[in-house]
Amino acid sequence: MAGPTDPPSSVGAVAGLRATAVAGRDPDAIDLVLLGPLTPDYWRPSTAALVKEAIGNTRAFAMDVMAACSGFAYGYATAHAYITSGMARHGRGIGQERR
């Protein structure tokens, strides 16, 4: 679990690691990482790129979907578009925020 002084990407990394373990997938089987942060670690690099690295993925493309409360809906639609178009096969969508 991410602690109170850990950066926001830690919350996303914990969620990503848990989801990957539950799915029984190798982290490198994921080729799309979408993160919905309200508070990113930095403006550059994207927090999604930091989460991608933290879950042990070396090949996915990663991007933040910064749309506040509707970030999940936009992230889901974006992932759906990538997967149905064949540009991605396995995606990881993560909603992340710190208090």
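**Exercise 1.** In this predicted model, determine which element the buried residues of α3 pack against.

*Solution.* Begin with the helix itself: α3 spans residues 71–85, 15 residues in total. From its first C-alpha to its last, α3 reaches 21 Å, close to the 21 Å expected at 1.5 Å a residue. Next, identify the residues with under 20% relative accessible area; in α3 these are G71, G75 and A79. They lie on the same side of α3, because they cover an arc of only 60° around the axis. The general geometry of a helix explains such a pattern: with 3.6 residues a turn, residues three or four places apart point the same way. Finally, inspect the contacts of the buried residues, which pack against β1 (32–37).

**Exercise 2.** State which residues are exposed on the other side of α3, and describe the phi of the residue just after the helix.

*Solution.* On the side of α3 away from the buried residues, Y76 and T84 are exposed. Just after α3 comes G86, whose phi is positive, at about 90°.

**Exercise 3.** Place α3 in the order of elements and assess how compact the protein is.

*Solution.* First, list the elements: there are three helices and three strands, running α-β-α-β-α-β from the N terminus. Second, compare the radius of gyration, 12 Å, with the 13 Å that the globule rule gives for 99 residues; the values are close, so the protein is as compact as a globular protein of that length. Third, consider burial: 35% of the 99 residues count as buried. Fourth, turn to contacts between residues at least 6 apart in sequence, of which 72% join residues at least 24 apart.

Conventions
Residues numbered from 1 in each chain as written. Predicted model: local features only at pLDDT ≥ 70, side-chain atom pairs only at ≥ 80, totals over all residues. Heavy atoms only, no water. Helix = DSSP H or I, 4+ residues; strand = E, 2+ residues; numbered from the N terminus. Expected span 1.5 Å × (residues − 1). Buried < 20%, exposed > 50% of the residue type's maximum accessible area, 1.4 Å probe, protein only. Arc of directions from axis to C-beta. Contact = heavy atoms within 4.5 Å. Rg over C-alpha atoms; globule rule 2.2 N^0.38 Å.
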